[in-house]
Amino acid sequence: QRRGAEFVMFSVPSYACQRRTSLDNRNAVLTDALSLLADNAELSGDEGRGVAFRRAAAVLKALPKPVTDTTQLRGLPCLGEHSLRVIKDILEDGASDEVESTRRSERYKALKVLTGVFGVGVKTADRWIREGIRDLQRLRDSGPALNRAQQAGLQHYDDLNQPVTRAEADAIAEIVERAVASVLPGAQTTLTGGFRRGKLTGHDVDFLITHPEEGREEGLVPKVVSWLESEGVLLYQKTARNSYLEGRDGPGRPSSSMDRFETCFSIFKLPREEKRGAGQTHGAACGPEAGHKPWRAVRVDLVVSPVSQFAFALLGWTGSKLFERELRRWARHEKAMSLSSHALYDNKQRRYLRAASEEEIFAHLGLEFIPPSERNA
Ligand code: TTP
Ligand code: MN
Ligand code: MN
Ligand code: MN
């Protein structure tokens with residue numbers, strides 16, 4: 001089947017957690033198109049189709065070279081008829097009509113804008129659109145009752161839709177570490193989410209906090225929040241208590257897909273770095289107000305884990321979301337195990353499998369260890 005030296009056939013294992021996916025994506029045009037269709041499916045409440053497109057995109061992200069011909073894709077997993085058609089159109093015609101018409105559609109644009117408001121999910125956005133609210137101006141004017149999160153989301157819309165840089169993430173990390181150290185000396189703070197995977201920007205900054213002595217971490221979130229509030233750092237916060245009980249809520253139970261850690265979903269008020277690029281003017285994207293405001297709003301997630309669950313929490317909060325989903329699918333379908341951010345349960349042995357590191361969890365699952373920088377599926 002070889003058509004000369006340039007022609008490459010690809011081969012990848014079927015679960016994203018079985019392969020390495022770095023940030024160096026050689027097929028960004030194709031994966032952007034498939035991601036847009038995934039967004040659109042999810043925004044339309046079709047989660048199954050959304051996952052199918054995300055799995056297809058993830059396969060292309062794992063390829064070492066750009067795809068030039070659909071025949072190279074023969075035998076690859078997760079590429080359904082629909083995804084293959086989109087790929088073929090882009091390779092042959094330079095674009096996919098379906099992708100471009102979706103991108104331009106009023107409904108897609110409205111759903112993107114409205115779900116871009118922190119605190120607004122697909123169902124709310126869909127309801128607003130049916131009520132004739134399709135943009136932020138209408139949302140501000142006609143004012144359906146907004147909850148506290150949505151009010152904050154609307155108020156800080158521009159800041160929260162501007163990517164967080166690695167430098168900003170580091171500045172936030174310093175603040176969080178100071179807060180944690182002053183309310184619970186000895187506690188450890190770890191940067192998770194996209195930044196732990198090596199991403200250069202993110203939509204928020206994620207932290208996992210623990211203490212080497214089990215139990216000492218209890219009630220840490222309210223204390224950290226009080227400290228941050230007294231320093232004037234918080235624009236918004238919503239905390240949740242830990243509600244995990246092994247056995248009752250263990251991964252063998254259906255409720256396990258929900259995290260039950262102590263968490264705080266928040267918006268930080270981050271002072272702007274004045275020294276950054278002296279002589280450099282604000283880009284056109286920054287309006288006059290944005291340029292003069294001496295701070296910006298940044299979404300921050302804080303999660304507290306007992307040390308006995310730390311490895312599972314670290315693995316669960318590092319992402320990517322598809323990588324996590326694939327780990328759980330692998331565990332369930334290939335190993336008869338249930339994986340959550342709290343624990344790993346072996347359904348055949350009817351017991352929990354302990355782990356003190358991510359490496360041990362991969363080993364329990366019979367998977368080669370994939371480091372965070374290669375989990376960008
Ligand atoms: P996100 O912060 O949503 O995503 P990200 O950090 O990969 O990307 P971005 O740069 O855009 O912020 O989620 C990070 C991980 O946290 C993700 O793997 C899913 C996990 N997570 C949970 O386990 N439970 C939750 O309730 C949420 C919100 C996230
Ligand atoms: Mn065509
Ligand atoms: Mn994140
Ligand atoms: Mn997050």
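The manganese ion (ligand 4) has three protein donors, Asp204 (OD), Asp206 (OD) and Asp301 (OD), at 2.1 to 2.2 Å from the ion. Donors here are N, O and S atoms within 2.8 Å of the metal (3.2 Å for Na, K and Ca), and water is not among the atoms, so sites may look incomplete. This is a predicted model, in which local features need pLDDT of at least 70 and side-chain atom pairs count only at pLDDT 80 or more, while totals for chains, interfaces and linings use all residues; side-chain values use heavy atoms, with hydrogens and water left out. Residues are numbered from 1 along each chain as its sequence is written, and chains are lettered from A and ligands numbered from 1 in the order in which they are written.

Along the chain, the donors of ligand 4 follow the spacing D-x1-D-x94-D. Asp204 lies in the loop between strand E3 (201-202) and E4, whereas Asp301 lies in strand E7 (residues 295-304), so this pair ties together parts that are 97 residues apart in sequence. Helices (H or I, at least four residues) and strands (E, at least two) are DSSP runs, numbered from the N terminus.

Which residue bridges the manganese ion (ligand 4) and the manganese ion (ligand 3)? The bridge is Asp204, and the two ions lie 3.6 Å apart. The protein donors of ligand 3 are Asp204 (OD) and Asp206 (OD), lying 2.0 to 2.1 Å from the ion.

Are Asp204 and Asp301 buried or exposed? Both are buried, where buried means under 20% relative accessible area, exposed over 50%, and partly exposed in between (1.4 Å probe, protein chains only). Asp204 has a relative accessible area of 6%. Asp206 counts as buried too, at 9%.

Asp204 also leads to ligand 1. An N or O atom in the side chain of Asp204 is 2.7 Å from an oxygen atom of ligand 1, and the side chain of His203 likewise has an N or O atom 2.7 Å from an oxygen atom of this ligand. At Gly319 a backbone N or O atom lies 3.3 Å from an oxygen atom of ligand 1. On its own, ligand 1 has 600 Å² of accessible area, and the protein covers 77% of this; such areas come from the Shrake-Rupley method with a 1.4 Å probe, and for residues only the protein chains shown count as cover. Helix H11 (193-196), helix H14 (310-318) and helix H15 (321-335) are the elements that give two or more residues to the shell around ligand 1. The shell residues divide into one nonpolar, six polar and seven charged.

Helix H15 also holds Glu326. Glu326 is buried, with a relative accessible area of 1%. The side chains of Glu326 and Arg329 are joined by a polar contact of 2.9 Å; a polar contact is a pair of N or O atoms within 3.5 Å, and within protein one must be able to donate a hydrogen and the other to accept it, while residues adjacent in sequence count only if both atoms are side-chain atoms.

Next come the strands. In strand E2 (residues 188-191) the side chains alternate: Thr189 and Leu191 point to one face and are buried, while Gln188 and Thr190 point to the other and are not. E2 runs antiparallel to strand E4 (residues 205-210), and four bridges join them. Two strands pair if DSSP finds at least two bridges between them. The bridge partner of Leu191 in E4 is Phe207.

How values were computed
Nonpolar A, V, L, I, M, F, W, Y, C, P; charged D, E, K, R; others polar.
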